[in-house]
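This report covers helix packing, enclosed space and two backbone details. Keep the coordinates open while reading.

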Amino acid sequence: MLAIFLTPKVRKLAEKFGVLDVPNDARKIQKAPVPLLGGLAVFGAFLGGLIIAWLAGWLDDGVLKNTQILSVIVGGIILIVGGFLDDKYKLKPWQSFLFPVLATMAVVALGVAVKYVTNPFVSGTGPFGRALFYFNWLDLKVVSFGALFSFFWILGMIYTTKFLDGLDGLVSGIGTIGAIILFIVSLFWDVPMSGTSVLCLLLAGALLGFLKFNFYPAKIFLGEGGATLVGFMLGCLSIISGGKIATALLIMGLPILDVFLVILRRMFSGRHVYEGDRGHLHFRLLDAGLTQRQAVLILYFLALVFGLSSLFLQSKDKVVALAVLLAVMVLVVGGITLVGRRKIKR
């Protein structure tokens, strides 16, 4: 409800200060300028709910630490401020890169880090009984590879949703799906209502309220701050909720693979990885003849199917599901390429 109240206010604020997305290149598919800064409404709604939940004691489950809650707030503020500066002043790529790095460093430094990686092919009692790697965050005598892994994981999620933000409602919708699935996963803990599950619900509610204004035809866009915030939150929550990296991978698998392929294609073609184009999967779906609604709903469906599958699969089965996801990506890209070639011939 708070997001539904805040979004129109933020929209007017963006119009007042001229923070608009102007359709001035091939990637801008809207017909008229659209206000940005939607991430401010999402973060404001999430933060408001978080403060209420924190004061009410709903986050005090004995597992979730206050430093972790604080880290999410600090990281979110950094991304929203950086996003505003980028949307308003069009920062250079290296300048805009600083804010995701700072936000990620903040959360990892305050304790949002993977402590172990389990071996999916070995059974055992407890997570440490089947740990493939164990990272002792408190052991200052060695470099914490868990912290490094977490840093690159969260940063990768940030840039996945940043690059995914090309169609109306795409990032906010997939972010909602991801938050709801992580909420369900967090209920599998011994704690009846863990603090992490509350955070997931708060994020899902904030994104769902914003989606009312962001779905096609969008009245407001997430902007740089909002697009990076969604990936940041999903990355952090997947770690805090017991290291559910595989679950997040299944939810965000197609976008992650898409970003990976786009980066490789830009590198091999001699272009900068930050140089935007219409090579992303969602744009290729449009070029194949789908409408914005159809393309977005298809990507929602795939994220939902693979995300829900993680709720019923054992660890080793999730590896198989990831392989299936890769095959789906190959089939989708291959099918789109074939349709495109037929269109060119015609």
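In this predicted model, helix H5 meets helix H8 through a long list of residues. H5 contributes Ser-150, Trp-153, Ile-154, Met-157, Ile-158, Thr-161 and Lys-162. H8 answers with Glu-224, Ala-227, Thr-228, Val-230, Gly-231, Phe-232, Leu-234, Gly-235, Cys-236, Ser-238 and Ile-239. By class, the contact of H5 with H8 splits into 10 nonpolar, 6 polar and 2 charged residues. The axes of H5 and H8 come within 7 Å and cross at roughly 140 degrees. The crossing of H5 and H8 is right-handed. H5 spans residues 145-164 and H8 spans residues 223-240.

**Helix H2 and its two partners**

H2 covers residues 38-56 and H3 covers residues 66-89. Their axes come within 11 Å, crossing at roughly 160 degrees. That angle makes H2 roughly antiparallel to H3. H2 passes H3 in a left-handed crossing. On the H2 side the contact uses Gly-39, Leu-40, Phe-43, Phe-46, Leu-47, Leu-50 and Trp-54. On the H3 side it uses Asn-66, Ile-69, Leu-70, Val-72, Ile-73, Gly-76, Ile-77 and Ile-80. The contact of H2 with H3 counts 12 nonpolar and 3 polar residues, with no charged ones.

H2 also packs on H7, at an angle of about 145 degrees and with the axes 9 Å apart. Here the crossing is right-handed. H2 offers Gly-38, Val-42, Ala-45, Phe-46, Gly-49, Leu-50 and Ala-53. H7 offers Val-198, Leu-199, Leu-202, Leu-203, Ala-206, Leu-207 and Phe-210. The contact of H2 with H7 has 12 nonpolar and 2 polar residues, and no charged ones. Two H2 residues recur: Phe-46 and Leu-50 are listed in the contact with H3 and in the contact with H7.

The three pairs are set out below.

| Helix pair | Axis distance | Angle |
|---|---|---|
| H5 and H8 | within 7 Å | roughly 140 degrees |
| H2 and H3 | within 11 Å | roughly 160 degrees |
| H2 and H7 | 9 Å | about 145 degrees |

**Pocket**

Which residues lie closest to the centre of the second largest pocket? They are Asp-21, Arg-27, Lys-28, Lys-162 and Glu-224, out of 41 lining residues. The volume of this pocket is about 1000 Å³. Its lining has 16 nonpolar, 12 polar and 13 charged residues. Strand E1 (20-21), H3, H4 (93-109), H5, H6 (170-186), H8 and H11 (281-287) each give at least two residues to that lining. Lys-162 and Glu-224 also belong to the contact of H5 with H8.

**Cavities**

How many cavities of 30 Å³ or more does the structure hold? There are 3. The largest cavity contains about 110 Å³ of space. It is lined by 15 residues, and the closest to its centre are Ile-174, Leu-254, Pro-255, Leu-281 and Leu-299. At least two lining residues come from each of H9 (245-251), H10 (253-268), H11 and H12 (292-309). By class, this lining has 12 nonpolar, 2 polar and 1 charged residues.

The second largest cavity has a volume of about 40 Å³. Leu-79, Gly-82, Gly-83, Ser-96, Phe-99, Pro-100, Glu-224 and Thr-228 line it. H3, H4 and H8 are the elements that give two or more residues to this lining. The classes are 3 nonpolar, 4 polar and 1 charged. Glu-224 appears here, and also among the residues closest to the centre of the second largest pocket.

**Backbone details**

The peptide bond from Tyr-216 to Pro-217 is cis, and its omega is near -5 degrees. Pro-217 sits in the loop between H7 (195-214) and H8. Leu-37 is not a glycine, yet it has a positive phi of about 70 degrees. Leu-37 belongs to the loop between strand E2 (34-35) and H2.

Technical notes. Residues are numbered from 1 along each chain as its sequence is written. This is a predicted model: local features need pLDDT of at least 70, side-chain atom pairs count only at pLDDT 80 or more; totals for chains, interfaces and linings use all residues. Side-chain values use heavy atoms; hydrogens and water are left out. Axes are lines fitted to C-alpha atoms, for helices over the stretch in contact, and angles run from 0 to 180 degrees between N-to-C directions. Helices (H or I, at least four residues) and strands (E, at least two) are DSSP runs, numbered from the N terminus. Angles under 35 degrees count as roughly parallel, over 145 as roughly antiparallel, 65 to 115 as roughly perpendicular and the rest as oblique. A crossing is left-handed if the near helix is turned anticlockwise from the far one by less than a right angle, and right-handed if clockwise. Contact means heavy atoms within 4.5 Å. Ala, Val, Leu, Ile, Met, Phe, Trp, Tyr, Cys and Pro count as nonpolar, Asp, Glu, Lys and Arg as charged, and the others, Gly among them, as polar. On a 1 Å grid over the protein atoms alone, a cavity is a set of points where a 1.4 Å probe fits but cannot get out, and a pocket is an open set with protein on both sides within 12 Å along at least five of seven lines; lining residues have an atom within 4 Å of a point. Grid points are joined across faces, edges and corners, and a volume is the space filled by probe spheres set on the points.
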